[in-house]
Amino acid sequence: MKLDIIGSVASGKTTLARSLSETYHVPFYQKDNIVWERTLNGDIKREDKARDQLFQGIINSEDWIVEGSPRKLLRESFEKCDYIILLDIPLHKRLSRAIGRWIRQRTGKEKYNSRPTFRFLWYNIKWVFEYEKDRKEIIEYLSKYGAKYKRFTTSESAKMFISKLFQ
């Protein structure tokens, strides 16, 4: 199994990747954690060479799931994956999730990579709207991958699709 799950902030990428990883015993990786090295003193951006070597090691392995925002970096996985799964969740649901996640992280009920500051909440909301602005272009770009590109408006429908493939 080689899957690339992409979508906006708060679309459910990590949750879906984690669930599929547990179900099918396939490692999953967050593209953010490939770009950023997480340390106790804060995030440090990896050097391009180190980032690229890490990513190549992942996508050249036998089975993997990667997930992340549809950034221009780390697209090499599109060529090597079985399917590109776009979680194209409605705007109102993504906004609600982003705010809810921030509240849970802020109150210590959920782990986080980046501290849940007000600034970080603002960035998440900004990124949700940026995806909305770029949505058409992203879908058009992914369409060139033909049948390996699949768009879902719920995580549940993506899970059902994958379960039929990898029983």
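In this predicted model, five strands form an open sheet in the order β2-β5-β1-β6-β7, with parallel pairing. Strands β2 (28–30) and β7 (149–152) stand at the edges. Each has a single partner strand, so one side of each is left without a neighbour in the sheet. From one strand to the next, the twist averages 20°. At one edge, β6 (residues 83–87) pairs with β7 in the parallel sense over 4 bridges. Here I85 stands opposite K150 in β7.

Strands β3 (residues 36–39) and β4 (residues 42–45) run antiparallel and are joined by 4 bridges. They form a hairpin with 2 residues between them. Within this hairpin, E37 has I44 of β4 as its bridge partner.

The structure also holds 10 aromatic pairs. One of them joins Y24 and F166 edge-to-face, at 6.5 Å centre to centre and 65° between the planes. This pair links distant parts of the chain: Y24 lies in helix α1 (residues 13–24), and F166 in the segment after α7 (155–165), 142 residues apart. Y24 is partly exposed, with a relative accessible area of 22%. F166 is likewise partly exposed, at 22%.

A second example is the tilted pair of W102 and F118, with 5.1 Å centre to centre and 50° between the planes. W102 belongs to helix α5 (residues 91–106) and F118 to helix α6 (residues 118–143), 16 residues apart. W102 counts as buried because its relative accessibility, 11%, is under 20%. F118 counts as exposed because its value, 57%, is over 50%.

One aromatic cluster is formed by F120, W122, Y123 and W127. Elsewhere, R75 lies over the face of Y141, at 4.1 Å from the ring centre.

Methods:
Residues are numbered from 1 along each chain as its sequence is written. This is a predicted model: local features need pLDDT of at least 70, side-chain atom pairs count only at pLDDT 80 or more; totals for chains, interfaces and linings use all residues. Side-chain values use heavy atoms; hydrogens and water are left out. Two strands pair if DSSP finds at least two bridges between them. Axes are lines fitted to C-alpha atoms, for helices over the stretch in contact, and angles run from 0 to 180 degrees between N-to-C directions. Rings of Phe, Tyr and Trp (its six-membered ring) pair if their centres lie within 6.5 Å; planes under 30 degrees apart count as stacked, over 60 as edge-to-face and the rest as tilted. Buried means under 20% relative accessible area, exposed over 50%, partly exposed in between (1.4 Å probe, protein chains only). A charge sits over a ring if NZ of Lys or CZ of Arg is within 6 Å of the ring centre and within 35 degrees of the ring normal.
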